[in-house]
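Visitor: I should like a close look at one part of this structure, set in the context of the whole. Please take the region where the two chains meet and explain what surrounds it.

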Amino acid sequence: MLIAIQAEITLTAALVLMLVADLIFKEPNHKYLQASAVILMLIHTALNIVPTDTEAFGGMYHSSMISSVMKTILSTGTLLVFMQAGQWLEREDTRHKAGEFYIITLSTLLGMYFMMSAGSFILFYVGLELASIPMACLVTMDKKRHESAEAGAKFILNSMFSSGLMLYGMSLIYGTCGTTYFEDITAALTGTPLQIMATVFFFAGLGFKLSLVPFHMWTPDTYQGAPAPVSGYLSVISKGAAAFTLMSIILKIFGNMTAQWNLLLSIVIVATITVANLFAIKQTNLKRFMAYSSISQAGYIMLAVLGGGAMGMSSLVYYITVYIAANLAIFAVIGTVEQYSGRVDRDAYNGLYKTNPKLALVMTLALFSLAGIPPFAGFFSKFFVFASAFREGHWIVVFIALINTIISLYYYLLIVKAMYITPNDSPVSTFRSPAFTRACLLVCLAGIILLGLCSGVYQLFTDLA
Amino acid sequence: MNILSIFVLIPLLMMLGLWISRNLNQIRTVMVTGSTMLLALSIYLAAAYISMRNAGADAEMLFTDSISWYAPLDICYSVGVDGISVVMLLLSSIIVFTGTFASWKLQPLTKEYFLWYTLLSLGVFGFFISNDMFTMFMFYEVALIPMYLLIGVWGSGKKEYAAMKLTLMLMGGSAFLLIGILGIYYGAGAETMNILEIAQKHIPLEIQKIFFPVVFLGFGVLGALFPFHTWSPDGHASAPTAVSMLHAGVLMKLGGYGCFRIAMYLMPEGAQIWGDLFLILTTISVVYGALSAVVQTDLKYINAYSSVSHCGLVLFALLMMTKVSATGAILQMLSHGLMTAMFFALIGMIYCRTHTRDIRELRGLMKIMPFLAVGYIIAGLANLGLPGFSGFVAEMTVFTGSFQNADLFHRICTIIATTSIVVTAVYILRVVGKILYGTCTNEEHLKLTDATWEERFTIICLVIAIAGLGLAPYWVNDLISNSVEPIISQLAVK
């Protein structure tokens with residue numbers, strides 16, 4: 001049984017070892033903390049790289065092939081976050097809590113693992129809370145900045161509220177079905193009014209986590225206040241896990257209620273993509289801007305859920321993988337520029353190409369990938385989610401989403417314009433970022449270019465989904 | 001390796017070479033070597049294609065090859081050419097080659113400029129060799145996005161506005177295309193993305209009704225279909241010389257090619273239903289573009305509107321749906337590509353000397369820079385369809401073919417469109433008279449020099465191509481009309 005939950009066990013071991021490392025590497029040796037966190041994550045990822053299908057605790061825990069692939073993807077993403085977090089944790093006011101950052105991040109990841117492989121609402125809820133509550137600590141890590149504290153408060157309050165909603169939905173489902181196990185619920189869910197209400201509550205709860213419109217209000221403030229690596233972590237890992245869980249729960253237990261779900265999802269997708277895109281145009285703070293961008297990306301991810309089936313699942317996992325590479329590259333650049341110039345507004349990027357051409361190039365390619373420009377991976381991932389939703393006949397939703405890609409291209413190009421075209425007398429000076437950050441950017445860049453051109457990754461997801 | 005894949009491989013190697021180049025000489029060496037190889041390859045391809053046809057090869061596409069790429073969605077990297085693609089490849093390689101020389105002295109950031117320029121040409125070549133809708137669409141978008149930076153960074157005038165407008169409008173078109181491609185793929189039974197295979201299937205009428213206008217509009221935006229042509233004047237006017245050449249010369253042809261190859265070929269019934277509406281729009285493009293050109297005072301704007309008119313003629317001729325008119329459309333693409341590239345090259349050269357493109361400020365250039373002035377006259381005469389140049393062959397074929405469509409409505413459209421020939425003569429001769437003749441009153445302009453060697457080389461290459469096409473059109477004509485046959489017969493049967 002312990003082998004069955006191998007991924008969770010190695011992750012817990014990594015967490016415990018990090019606790020020990022935190023005790024050993026006191027200042028001035030704190031710089032070894034990042035190295036040890038990176039190495040532990042590498043070992044953890046390598047140990048669990050072969051996907052397995054396991055079940056444990058009498059059906060309470062069920063990890064399918066695709067969810068075990070998803071765990072590998074998320075742990076790789078977390079590894080990238082660790083690689084870019086080092087420079088932020090070098091600062092005078094943050095270095096004493098470097099150890100805590102890694103430990104807390106790992107515990108949220110553990111929560112996501114359980115959430116994704118839950119076979120019952122109980123384990124799902126425990127995992128969700130484990131992923132949410134420590135996250136509030138991460139958001140407030142920069143507590144000397146009042147935005148960070150505010151962001152943490154907003155996050156925890158919204159998170160609690162959405163958990164409450166979701167719990168209410170789950171209790172209604174339990175009330176009508178008499179069980180919390182997914183396997184047994186499937187047959188008992190037939191779409192009675194009470195069950196529809198439960199579904200709406202449940203969806204609203206997860207909508208908060210995914211920051212879908214109209215549950216997105218917390219996102220911009222939280223992303224803006226949180227440190228750049230944490231915003232990055234929130235935007236891809238946390239969102240990816242929530243999206244995957246939503247998809248697998250819909251596939252697993254709401255099979256009989258597809259019609260109700262589709263209507264709900266279509267409305268939310270259109271609202272999410274459109275509203276987020278329109279708000280993103282006006283943002284000048286890049287973190288806030290990326291918050292709106294990530295809301296709209298969540299809308300695109302939901303298109304795969306709308307598509308449903310094995311194809312939807314593989315498109316969703318693929319989309320998240322590509323999204324991790326592109327978004328983490330952008331947050332790494334934002335974090336680096338913030339570190340060296342103290343600025344996160346778009347004007348700080350004017351003329352960046354002249355002083356830091358490599359950084360500007362990575363940023364450009366990542367933005368192109370987010371906008372869905374070939375030959376970068378974002379183009380392929382967008383195409384597949386569109387295709388999966390189109391296949392089920394939702395072509396009006398797909399069309400609206402496509403029109404929105406034009407709006408998104410506009411605001412992504414505004415940053416490209418700032419870096420390449422807008423003249424600036426005093427651009428951010430030339431600097432050399434730490435080795436780990438550069439390695440992280442390199443991995444992200446490789447992901448942006450290769451994930452699309454090499455079809456093997458998508459093929460693998462399709463085979464396993 | 002398939003000969004067609006080399007068209008994609010060479011630009012890739014060129015980009016690699018540019019990446020590691022350390023100085024201007026190395027950059028120039030890479031660009032000249034690469035674009036010469038492309039030109040040689042396309043000439044070789046044309047020769048090989050003709051000899052294979054003469055030897056009796058009767059497949060619709062030759063040099064075909066297909067590698068499965070994304071199997072779950074039947075996406076393949078499949079290539080193949082017919083006569084239409086062969087001449088388009090020839091055109092593209094000529095423009096890329098001459099464009100390299102036209103941007104010989106470009107400053108600053110020369111390396112980045114050529115990197116994006118090569119990426120743009122990669123997209124163009126990839127588009128013309130593709131037989132797979134997805135791959136074709138991918139290359140199409142690859143060709144679009146470098147335009148933003150090329151215009152935004154190296155352009156002139158209202159460059160930021162123009163670059164953004166162009167990119168967003170063309171990407172808007174590609175949003176339509178993407179949904180159209182999905183519609184065709186699922187409409188044809190979700191078994192293949194290959195254009196030739198889909199053409200053998202019958203897409204249900206109701207699907208064709210919805211998706212024909214979607215795809216046609218998507219490509220039509222790039223082909224400057226009225227009222228979606230507004231990106232073109234601003235974009236062309238702001239772009240640096242070689243980019244204007246490549247964009248007006250080749251990129252706008254992607255629109256016409258796509259309309260023909262995907263929209264009309266795969267959805268013939270849709271084309272019959274929607275043809276009349278689009279015919280009205282293209283007729284407006286033809287006449288309106290020409291009339292707008294008459295009142296412009298900026299040399300580049302005149303040419304940009306002239307391009308709207310001439311590219312409108314391409315779509316116009318395609319929608320006439322006779323074999324001769326479709327052949328004329330392809331000839332017009334070829335001829336307009338060469339002429340407009342030459343025009344933009346000349347305007348760029350004049351502009352970099354006089355620093356103005358306003359025809360009210362230019363006088364008597366014939367005495368100051370005779371070579372460029374003569375070049376301008378040749379381009380102008382070719383543009384207004386003087387026999388002996390490519391423009392005459394193309395327009396003659398277009399209008400003859402269009403008149404063969406005996407339907408009254410089509411005949412009226414043809415007659416309206418022919419008026420553009422007269423208007424073209426007006427705006428060309430007006431400019432020639434104003435800027436080339438008379439006495440130069442501007443002291444500064446008197447000190448200017450004539451073309452340098454690389455500029456002369458650019459112009460001479462283009463003149464040879466234009467005159468060659470005008471004097472010996474038959475081989476090209478045969479090449480095209482045989483390949484137009486299967487597509488037109490598809491339209492006629494159903």
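Guide: What follows begins with the interface and then moves outward through the core and each chain.

The model is a predicted one, and its scores are ipTM 0.90 and pTM 0.92. For chain B the mean pLDDT is 87, with 100% of the residues at 70 or more.

At the interface, 24 residues of chain B are in contact with 27 residues of chain A. On the chain B side, the elements that contribute two or more residues are strand 1 (62–70), helix 5 (133–154) and helix 6 (159–187). Of these, helix 6 of chain B supplies the largest share, 11 residues. Sorted by class, the side of chain B that touches chain A consists of 19 nonpolar, 3 polar and 2 charged residues.

One residue of chain A shows how this meeting of chains joins the interior. Apart from neighbours within four places in sequence, A:Phe386 is in contact with A:Leu303, A:Val398, A:Ala401 and A:Leu402 in its own chain, and with B:Leu178 and B:Leu182 across the interface. A:Phe386 is also a member of the largest nonpolar core, a set of 374 residues in which A:Phe386 and A:Ala329 touch the most other members. The element that gives the most to this core is helix 13 (residues 309–341) of chain A, with 19 residues. As general background, nonpolar side chains in soluble globular proteins tend to be buried together.

A short distance along the sequence there is an irregular peptide bond. The bond from A:Pro374 to A:Pro375 is cis, with omega near 5°. A:Pro375 belongs to the loop between helix 15 (357–371) and helix 16 (377–391) of chain A. Chain B has a cis bond as well, from B:Phe226 to B:Pro227, where omega is near 0°. B:Pro227 is placed in the loop that joins helix 8 (205–222) to helix 9 (231–238) of chain B.

Turning to chain A as a whole, its secondary structure consists of 19 helices and 2 strands. The radius of gyration of chain A is 21 Å, close to the 23 Å that the globule rule gives for 465 residues, so chain A is as compact as a globular protein of that length. Its C-alpha trace spans about 65 × 55 × 40 Å along the principal axes. Of the 465 residues, 61% count as buried. Among contacts in chain A between residues at least 6 apart in sequence, 79% join residues at least 24 apart.

Helix 8 (residues 193–210) of chain A can be checked by its length. At 1.5 Å a residue, its 18 residues should span 26 Å, and the end C-alpha atoms are 25 Å apart, which agrees. Because 13 of those 18 residues are buried, helix 8 of chain A is largely enclosed by the rest of the structure. Just after this helix, A:Ser211 takes a positive phi of about 50°. A:Ser211 lies in the loop between helix 8 and helix 9 (218–225) of chain A, and it counts as buried because it has 29 C-beta neighbours inside 10 Å.

A second positive phi, near 55°, is found at A:Phe57, a residue other than glycine. A:Phe57 sits in the loop between strand 1 (54–56) and strand 2 (61–63) of chain A. With 13 other C-beta atoms within 10 Å, A:Phe57 is partly exposed, whereas A:Ser211 is buried.

Chain B may be described in the same terms. Its secondary structure comes to 20 helices and 2 strands. The radius of gyration of chain B is 21 Å, close to the 23 Å expected from the globule rule for 494 residues, so chain B is as compact as a globular protein of that length. Its C-alpha atoms fill a box of roughly 70 × 55 × 45 Å along the principal axes. Of the 494 residues of chain B, 61% count as buried. For contacts in chain B with a separation of 6 or more, residues 24 or more positions apart account for 81%.

One residue of chain B completes the account. B:Ile280 lies in helix 11 (residues 268–295) of chain B and is partly exposed, with 15 other C-beta atoms within 10 Å. B:Ile280 and B:Thr36 are 244 residues apart in sequence, and their C-alpha atoms are 41 Å apart in space.

Definitions and conventions:
Residues are numbered from 1 along each chain as its sequence is written. Chains are lettered from A and ligands numbered from 1 in the order in which they are written. This is a predicted model: local features need pLDDT of at least 70, side-chain atom pairs count only at pLDDT 80 or more; totals for chains, interfaces and linings use all residues. Two residues are in contact if their C-beta atoms, placed from the backbone, lie within 7 Å. Helices (H or I, at least four residues) and strands (E, at least two) are DSSP runs, numbered from the N terminus. Ala, Val, Leu, Ile, Met, Phe, Trp, Tyr, Cys and Pro count as nonpolar, Asp, Glu, Lys and Arg as charged, and the others, Gly among them, as polar. The expected span of a helix is 1.5 Å times one less than its number of residues. A residue is buried if 20 or more other C-beta atoms lie within 10 Å of its own, exposed if 12 or fewer, and partly exposed in between; C-beta atoms are placed from the backbone. A nonpolar core is a set of buried Ala, Val, Leu, Ile, Met, Phe, Trp, Tyr and Cys residues joined through C-beta atoms within 7 Å. The radius of gyration is taken over C-alpha atoms; the globule rule is 2.2 Å times the number of residues to the power 0.38. pLDDT is the predictor's confidence in each residue, from 0 to 100.
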